[in-house]
Amino acid sequence: MPRRSLPLRAAVFVGRTLRDELYGIVVDPLRQLRRRGPGALLLAFVACGGVIFFHAIAQNPAGATAVRILGGVQGDLPLWLALLRTPVSLYVPALDLPVWAGITQLFLAFALAELALGRLRTLAVAYTATLAGTLTVRLMIAMGPGWWGLGLPPEAGQVLDTGPSAAVVGLFTYLSVVRRAPVVFLLTGGSMVIESIAKPNLAGREHLIAVAAAVVLGLYHERAHLRRLFKAPALLSATVPEGPPRRSA
């Protein structure tokens, strides 16, 4: 059999990777949706409904103030108050950005994650990614300007956090790690890197932190999964009886 040329082998590898990625990210969740029904998308509907609700009431000054009090997280807030507002901040959109542009991404992130990971793990990843950005920014502000560009000036403490976008980035990144989807990972992480370079602001840093936190969570899950797989044969062999003892002649 003649050996395949390098471009052909590369094309076969890319084709197989895209096929596996399409199955893990799209086909399998759609099968779960067909089996479990629309109730499996509860988190996605709640997330989109919460964002639409807070966006609607923030259209007048009194409503904007209420939204800021309930879910506005800033670096100069007391830590206990920031932690109290962080769960609500998942549903508070950035008021200077078009909310409808992010609704599709928000729905897809929560829907795919809920179908592929389950409800509790989806909530845990979304909250951890958001909280990681919030706490790390507070540390950067405490460091002050300098520190090889890692520190932030005190004025950064008055900027609102990213809202649901950090959770969206974290969910897509986590999915790409546990489902071994390099294309989704490069699109998510690469776009965040480009964003932070093109527009170096607080949101860009929080998005990169969310990506890093999701990668750590995904690798930890994969490590625990591999350890369970390696332990399973040993446990199985230890529990299988060897048979009745032989009688001596």
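**An enclosed cavity and the two sides of helix 4**

In this predicted model, the search for enclosed space yields one cavity of 30 Å³ or more. The volume of this largest cavity is about 60 Å³. Its lining is made up of 13 residues, and those nearest its centre are Gln 74, Gly 75, Thr 134, Val 137 and Glu 206. Two elements, helix 6 and helix 9 (202–239), each give two or more residues to that lining. Helix 6 provides the largest share, with four residues. In chemical character, the lining of the largest cavity comprises seven nonpolar, three polar and three charged residues.

Helix 6 also takes part in the surroundings of helix 4, to which the description now turns. Helix 4 spans residues 79–89, and within this helix Leu 81, Ala 82, Arg 85, Thr 86 and Ser 89 are buried. These five residues lie on the same side of helix 4 because the arc they cover around the axis is only 145°. The spacing follows a general property of such elements: an α-helix has 3.6 residues a turn, so residues three or four places apart point the same way.

Which residues are exposed on the other side of helix 4? They are Trp 80 and Leu 84; here, exposed denotes a relative accessible area over 50%, whereas buried denotes one under 20%.

The buried residues of helix 4 pack against three elements, namely helix 3 (61–71), helix 6 (119–143) and helix 7 (164–178). Helix 6 therefore appears in both parts of this account: it is a packing partner of the buried residues of helix 4, and it gives four residues to the lining of the largest cavity.

Methods: Residues are numbered from 1 along each chain as its sequence is written. This is a predicted model: local features need pLDDT of at least 70, side-chain atom pairs count only at pLDDT 80 or more; totals for chains, interfaces and linings use all residues. Side-chain values use heavy atoms; hydrogens and water are left out. Buried means under 20% relative accessible area, exposed over 50%, partly exposed in between (1.4 Å probe, protein chains only). The arc is that of the directions from the helix axis to the C-beta atoms. Contact means heavy atoms within 4.5 Å. On a 1 Å grid over the protein atoms alone, a cavity is a set of points where a 1.4 Å probe fits but cannot get out, and a pocket is an open set with protein on both sides within 12 Å along at least five of seven lines; lining residues have an atom within 4 Å of a point. Grid points are joined across faces, edges and corners, and a volume is the space filled by probe spheres set on the points. Ala, Val, Leu, Ile, Met, Phe, Trp, Tyr, Cys and Pro count as nonpolar, Asp, Glu, Lys and Arg as charged, and the others, Gly among them, as polar.
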